[in-house]
Amino acid sequence: MTQVTERSPSLLTPQQAGPAVLVAAALRGALAAGLGLGSLAVLVAALWISSPAPDSGPGEAFHAAAALWLLAHGAELVRTATLTGAPAPMGVVPLLLAALPVWLVHRAARDVLEPDEGRVAPSPGAAFALVTGGYLLVGGVVAEYYPSSTAQSVTEITAPRVTVLSSGNALPAPVVLDADALPSKYVPSAGGGSIDALPLEPSAYALDLYESLEGSRVEIADTRVTGATTKYREVWVTVAPEQNPTERGGTLYASYTDQNAGRLKVLSLDPASPVPTANVGDVLSGTTAGVLDYDSYGGYNVQATALGTLTDHHLRREVTRRQKGKELAVATYNVENLDALDDQAKFDTLAEGVAVNLSSPDIVSLEEIQDDNGAVNDGTVGSEATLQRFTDAIVAAGGPRYSWRYVAPQDGKDGGEPGGNIRNVFLFNPDRVDFVDRAGGDATTAVEAVRTRKGVALSVSPGRIAPTSDAWDDSRKPLVGEFRFHGRSVFVVGNHFASKGGDQPLHGRYQEPKRGSETKRVRQAEEVNTFVKSLLAADKSAQVVVLGDLNDFAFSPTVGALTAGKVLKPLITTLPQNERYSYVYEGNSQTLDHILTSPGVRRFDYDVVHINAEFADQASDHDPQIVRIDVHAPHPGNGHGHGHGHGHR
């Protein structure tokens, strides 16, 4: 290590020399601090490199160097790995470590005291004080910490020493975040790699702007709620209200390249003033101010020290119209891990959704029905008690007495909550529609299309699509049922595709984010598409309804694979753009649930019924959907029709 001691000739007069010398003294102290940390880093890095089998990465090695440097300065460090398992402080400074900072400060002060051409040497006391001040100026070790492997880093100071010099001072003015302050783009592209190596461009990208303000006071005003208050007392708002607004006050996630940069999460730092209970479309009126921070659960957030007041826009749950006598009403509803051990209140709220808000459909395809004892992992796979309680609650809410059909999964083979044995289930109103039962369907038997003189039929009903295919490993298998309505056969396929767990976040360090879970959903979509094609090959006019929680967007490769060959039409695309959603995640209104129909469905009326996703009080995190089909539409059609998402309030 070489230290530069050569000085440039001074052009200052003796009268100007005093301040310059003082600044130089502080700079020498800062240089001494850097040399001290650097020397330890070099030593530790050399030992790490020469180790035959280091059990940690270079980041841990440099962290150790910083810890040694702090220990030399008397900082109390904590050792977490101890024989007792309890953290133990280390506060004794080894003399050899302490000698390094003392020697560096002494050397820097000695150099400052040496007379130089055209400069007046300061007094020994002033030299030592200013060198020490410069040394302490860089005395905190600043590090970048990653909350998770895919998150952006958070700037932190390791083991800081804080001394209060004064209090009661006015805070600096906060930075105002509004639509005018936001760049037009959300985040730069790194071709799927890390954006850490890219230059920070706060004027070009919203995430770069937020990164540049991390730890700063910010202010937002009159922000519209785009994600209802969570159980953790957090709420999502937008500072760019014109970005893709939905009809009911949310912000629509419309494509992979349109990430809605104005979304921010708000939480309160004042326990006496928690975030109010808010629904989508409400407004935090007035000023909300606090520190801008980052975490891996949603990205940038405002840790508010002052909250705006809630303006309630009185969002109402929708009620769709009742089907006409000749219309077959088919709905899909994710009831979020319902099992017989749940509170009656959950059953009652979900039942009201079916009987009242959905106006008692003829067929309801349910996702996330668990076995009768839920997460208890004892080999139970039946759901009779769960479905009995649910159908009883529907009757109590004014609905019909539904019957049900399902295929019980093999224990522990269908994913979901461990022990829950999640599955798809059909409810149907036997006063309006008949279920065609064909024996032989079980957890491992594949349903097939059978050509008959009267059209196509199922080999088993209910049945499962290709249940032994590895596309469905540790995942819910699609349930297929054959129904008869007014003399016509209708085939219903209930789905619950693999979740998005493990995908990289929109706000993360890797851009564009990789969607690793998508590969499995595409394979699942291909299996369903192949089965639908087999039905249509046997009868091109077959009326098929494919529906459920696909865990993917209308613009995704998953839906593309499901509709390949134009065998299915995604009905969400028939709605106006600002009504295409059934789920809200991190302030984005998006579509994960779908209803698709084959070309044989010639006339339909489609509706997303918003009763859960936009509300802080919800029985499920999904909104149900419904399609009403005229099974006797006389003219040949191409699946076109009309859809609406308004419902009847």
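**Cavity, cores and strand 29**

Reader: By class, which residues does the lining of the largest cavity have?

Author: In this predicted model, a cavity is a set of 1 Å grid points where a 1.4 Å probe fits but cannot get out, and lining residues have an atom within 4 Å of a point. With Pro counted as nonpolar and Gly as polar, the lining of the largest cavity has eight nonpolar, three polar and two charged residues.

Reader: About how much space lies in the largest cavity?

Author: Local features need pLDDT of at least 70 and side-chain atom pairs 80 or more, while totals for chains, interfaces and linings use all residues. Residues are numbered from 1 along each chain, and side-chain values use heavy atoms, leaving out hydrogens and water. The structure holds one cavity of 30 Å³ or more. The space in the largest cavity is about 90 Å³.

Reader: Which element supplies the largest share of the largest nonpolar core?

Author: This core (buried nonpolar residues joined through side-chain atoms within 4.5 Å) has 30 residues, and Leu177, Tyr210, Val235, Leu264 and Leu292 touch the most other members. Strand 8 (235-238) and strand 9 (263-268) are among the elements that each supply at least two residues. The largest share, four residues, comes from helix 5.

Reader: Why is strand 29 largely enclosed by the rest of the structure, and which residue of strand 30 is the bridge partner of Asp607?

Author: Strand 29 (a DSSP E run of at least two residues) is largely enclosed because five of its five residues, 604-608, are buried, meaning under 20% relative accessible area with a 1.4 Å probe. Phe604, Tyr606 and Val608 cover one side, and Asp605 and Asp607 the other. Five bridges join strand 29 to strand 30 (residues 625-630), which runs antiparallel to it. In strand 30, the bridge partner of Asp607 is Ile626.

Definitions and conventions:
Buried < 20%, exposed > 50% of the residue type's maximum accessible area, 1.4 Å probe, protein only. Pairing = 2+ DSSP bridges. 1 Å grid on protein atoms, 1.4 Å probe; cavity = no way out; pocket = protein on both sides within 12 Å on 5 of 7 lines; lining within 4 Å. Points joined across faces, edges and corners; volume = space filled by probe spheres on them.
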